[in-house]
Amino acid sequence: MITKPKGTIDVVKEDALLWNYVNYVVDDMMKSYNYEFIRTPIFEASELYHRTVGNTSDIVKKETYDFKDKGNRDLTLRPEGTAGVVRSYLENKEYASPDTKKYYYNGTMYRYERPQAGRLREFTQFGVEVLGSNDPAIDAEVISLQYHILEALHISNLQVNINSLGDGESRLNYKDALIKYLEPHIKDLCEDCQERFKTNPLRILDCKVDADSDILKNAPKTIDYLTKEAKERFDTVLKYLDILDIDYEVNPKIVRGLDYYDHTVFEIVSLDNEETRQSVLGGGGRYNKLIKELGGPDSYGIGFACGIDRIIALMKDIDLYKDIQREIDCYVMYVSEEEKLHALDIVQNLRLNGVVTETDSLNKGLKGQFKEADRLNAKFLLILNNEDLKRGLVNVKDNHTKEEEAVDISEIVEYIIGNL
Ligand code: HAM
């Protein structure tokens, strides 16, 4: 038997119901915040990710799915969504628009990681990118949007961890301090960190292997090295978050695993499965230099992404899915071919009027059809029989109260809609 590739999942059964539910809530909230949907390609020129996510990031060094197409082009399956959105913004000259562009997306991402619970090779993110505004209120809006989507999904035990990497000058000051601090300890850190020390020392703070070592715990903090302007900017973001009533924790450990960030960086974790790294449901930050680095004007950007697979795993862990069950409005039952002709017509009529309707397709007897209707949690059963039909009637049974009523066939749709 052919099985699915390692690190991928089939979204089926209750996962599929949750999947639709999550997407429904996401779409709804994005509309309220006035974000416009964007879809970009699943593969892009490899160079895009080298220049955005960064050559020194784990993602580009070890985790991308790179391939050459038949035209010998170097392509990469997208490991994240920000780079593609910014590329599209520049290619379509959207920066010429006088408005702030607020995009949201939802799609599969690919990273060649060691698969484990909540860490897949093909996973799905929803996310936003806001381009063109440096207003700290946008930082607060993006964090609040991410928080409220998770809250709307009834995930209540959430914590926003926030930090600032500051501007270019702040980062240089910090990098110097960090190098001085780490130099005497570097031999005690993992091999990857020794390499990161040469290429991008900030990355060491993000190390999964050494996360609990005292060396990293006592490392200098980015917020102590912010310039006056960067510090003021960060304080304003925090003030706006207070106004929006978002609880946050300033957490110096948040430096994020991608190279493009500056100023505000944040992650939202679930305290319900805090002990694992997979508790990070989403993260993001500002990337004010990226647009120019990709050949665009001096502009601004900020965004976040959340892992849908992780959200669904958490919802199942904390039993949130109990209330979300598959159910239908009507099950239409018949036995003879003559009744079937009416059934087909009634089913279509109900469906086209927005009533969720199912009928038998396996030639089951009435008993089997009753069972099927129960399995589907049908609210109403329409039990067709020739005698009623001759008189223009259909027997409608409320499957919860068990009450039955003969309803005029021409009024069936109104009757069901009126009683749902
Ligand atoms: P990220 O932190 O790499 O950020 O990923 C965001 C979220 O995607 C994670 O918090 C997690 O929920 C989910 N995720 C990441 N990797 C996996 C995986 N292997 N399996 C399952 N879920 C995963 C970004 O991707 C940035 N583009 C976010 C951003 C947008 N920054 C600015 N704008």
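Biologist: How many salt bridges does a search of the whole structure find?

Modeller: Side chains of opposite charge can pair when their charged atoms come close. The criterion is a side-chain nitrogen of Lys or Arg within 4 Å of a carboxyl oxygen of Asp or Glu. The search of the whole structure yields 27 salt bridges. This is a predicted model, in which local features need pLDDT of at least 70, side-chain atom pairs count only at pLDDT 80 or more, and totals for chains, interfaces and linings use all residues. Residues are numbered from 1 along each chain as its sequence is written, and side-chain values use heavy atoms, with hydrogens and water left out.

Biologist: Which parts does the salt bridge between Asp-192 and Lys-62 tie together?

Modeller: Helices are DSSP runs (H or I, at least four residues), numbered from the N terminus. The side chains of Asp-192 and Lys-62 meet at 3.1 Å, N to O. Asp-192 belongs to helix 7 (residues 191–199) and Lys-62 to helix 3 (residues 58–63), so the pair links parts that are 130 residues apart in sequence.

Biologist: Is Asp-192 buried, partly exposed or exposed?

Modeller: Buried denotes under 20% relative accessible area, exposed over 50%, and partly exposed in between (1.4 Å probe, protein chains only). Asp-192 is partly exposed at 34%, and Lys-62 is partly exposed at 44%.

Biologist: Where does Arg-196 lie with respect to Asp-192?

Modeller: Both residues are in helix 7, four residues apart, about one turn of the helix. Their side chains form a salt bridge at 4.0 Å, N to O. Arg-196 is buried, with a relative accessible area of 7%. Elsewhere, salt bridges that share partners join Glu-14, Asp-15 and Lys-316 into one network.

Biologist: What is the distance between the closest N and O atoms of Glu-94 and Lys-101?

Modeller: The closest N and O atoms of this salt bridge are 3.5 Å apart. Glu-94 is partly exposed at 26%, whereas Lys-101 is buried at 12%.

Biologist: Which residues form a nonpolar patch on the surface?

Modeller: Patches consist of residues with over 30% relative accessible area and no salt bridge; like charges are joined within 9 Å, and nonpolar side chains (Val, Leu, Ile, Met, Phe, Trp, Tyr) within 5 Å. Here Val-335, Leu-366 and Phe-370 form the nonpolar patch, with about 230 Å² of accessible area together, computed by the Shrake-Rupley method with a 1.4 Å probe; for residues, only the protein chains shown count as cover. Leu-366 lies in helix 13 (residues 366–375) and is partly exposed at 32%.

Conventions. Helix = DSSP H or I, 4+ residues; strand = E, 2+ residues; numbered from the N terminus.
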